Amino acid sequence: MPQFDRDKWNQKYTAGSGPPSAPSAVLLALDAYLPRTGRAIDVGGGAGRHGIWLAQRGLEVTIADVSSVGLALAREAAAAAGVSLQTLEIDLQEAPFPPGPWDLIVSVCYLFRPLFQAYPAALAPGGLLVVVQPTLRNLERHAKPPAPFLLAEGELRTLAGGLEIVHYEEGWLADGRHEACLVARRAALASPSPGGVV
């Protein structure tokens, strides 16, 4: 399946039929929550539509994706936009999650549920996880993504265990899909007391 995914997405990007180039309107609406400095990773970030926007905001961005073609397009688009970013060709369904600490983990329309077990430890203290993912209700209006890549109602809340949810919404959101949108924070490290005891 991973090789199939790699071939599928390479073909899509080669044919110019990959995801749109503009950032998700739902992600853009979360601007006030997102940091402007630090390390960010765009999970399944493909050709860079979100990673480039994050880099323009001042973050050090790594795009992790299975598609070499998508990542090459991301590097070209970043150069054209005058920003730098790192690309990492990786099968996130088989390889360990890229080690942090990450100040921001962004996942838009990429669902592999086991990754949610890795996210909390990969975040820096105080770091944010941002997830935007269509739900099963999306099938009422759109044939894609298919059901295996869709969340059940309220499921995203349950996947964010160990993190503090600071924003959550679910409905027909700005991208025209029925999506769940989550912003969750890893607890910051407690400051030591003057006596050195936390």
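In which strand is Q133 found? In this predicted model, the residue Q133 belongs to strand β5, which comprises residues 123-134. With a relative accessibility of 2%, Q133 counts as buried, because a residue is called buried when its relative accessible area is under 20%. A polar atom of the Q133 side chain lies 3.5 Å from the backbone nitrogen of C109. When neighbours within four places in sequence are set aside, the residues in contact with Q133 are C109, Y110, L111, F149, L151, H178, E179 and A180.

The residue C109, whose backbone nitrogen takes part in this pairing with Q133, is located in the loop between β4 and α5. Although C109 is not a glycine, its phi angle is positive, at about 60°. The relative accessible area of C109 is 33%, and C109 is therefore described as partly exposed. Another cysteine, C181, has a relative accessibility of 0% and so counts as buried. The number of disulfides in the model is 0.

Helix α5 can be described through its buried and exposed residues. The buried residues of this helix are L115, F116, Y119, P120 and A122. Around the helix axis these residues cover an arc of only 165°, and they therefore lie on the same side of α5. Q117 and A121, by contrast, are exposed on the other side of the helix. The packing partners of the buried residues of α5 are the strands β1 (39-43), β4 and β5, together with α6 (155-159).

Two of the buried residues of α5, F116 and Y119, also take part in the aromatic pairs of the model, of which the count comes to 2. In one pair, the ring centres of F97 and Y119 are 5.4 Å apart and the ring planes meet at 80°, so the arrangement is edge-to-face, a term used for planes over 60 degrees apart. This pair links distant parts of the chain, since F97 is in the loop between β3 (86-89) and β4 (102-108), while Y119 is in helix α5 (residues 115-122), and the two are 22 residues apart. Both F97 and Y119 are buried. The pair formed by F116 and Y119 is likewise edge-to-face, with 5.2 Å from centre to centre and 75° between the planes. Here both residues lie within helix α5, at a separation of 3 residues, or about one turn of the helix. F116 is buried, as is Y119. Taken together, F97, F116 and Y119 form one aromatic cluster.

Aromatic rings are also involved in arrangements with charged side chains. The charged end of R39 sits over the ring of W102, at a distance of 4.0 Å from the centre of that ring. In a further case, R141 lies over the face of W172, and the distance to the ring centre is 3.7 Å.

Cis peptide bonds were examined next. The bond from G100 to P101 is cis, with an omega angle near 5°, and P101 is placed in the loop between β3 and β4, the loop that also holds F97. The peptide bond from K144 to P145 is cis as well, with omega near -5°, and P145 is situated in the loop between β5 and α6.

Strand β6, made up of residues 164-172, contains E164. The relative accessibility of E164 is 48%, and E164 is therefore classed as partly exposed, the value falling between the limits of 20% and 50%. Between E164 and G126 there are 9.8 Å in space, taken from C-alpha to C-alpha, although the two are 38 residues apart in sequence. Apart from neighbours within four places in sequence, the residues in contact with E164 are V183, A184 and R185.

Definitions and conventions. Residues numbered from 1 in each chain as written. Predicted model: local features only at pLDDT ≥ 70, side-chain atom pairs only at ≥ 80, totals over all residues. Heavy atoms only, no water. Phe/Tyr/Trp six-rings, centres within 6.5 Å; stacked < 30°, edge-to-face > 60°. Helix = DSSP H or I, 4+ residues; strand = E, 2+ residues; numbered from the N terminus. Buried < 20%, exposed > 50% of the residue type's maximum accessible area, 1.4 Å probe, protein only. Lys NZ or Arg CZ within 6 Å of the ring centre and 35° of its normal. Polar contact = N/O pair within 3.5 Å; in protein donor to acceptor, adjacent residues only side chain to side chain. Contact = heavy atoms within 4.5 Å. Arc of directions from axis to C-beta. Disulfide = S-S within 2.5 Å.
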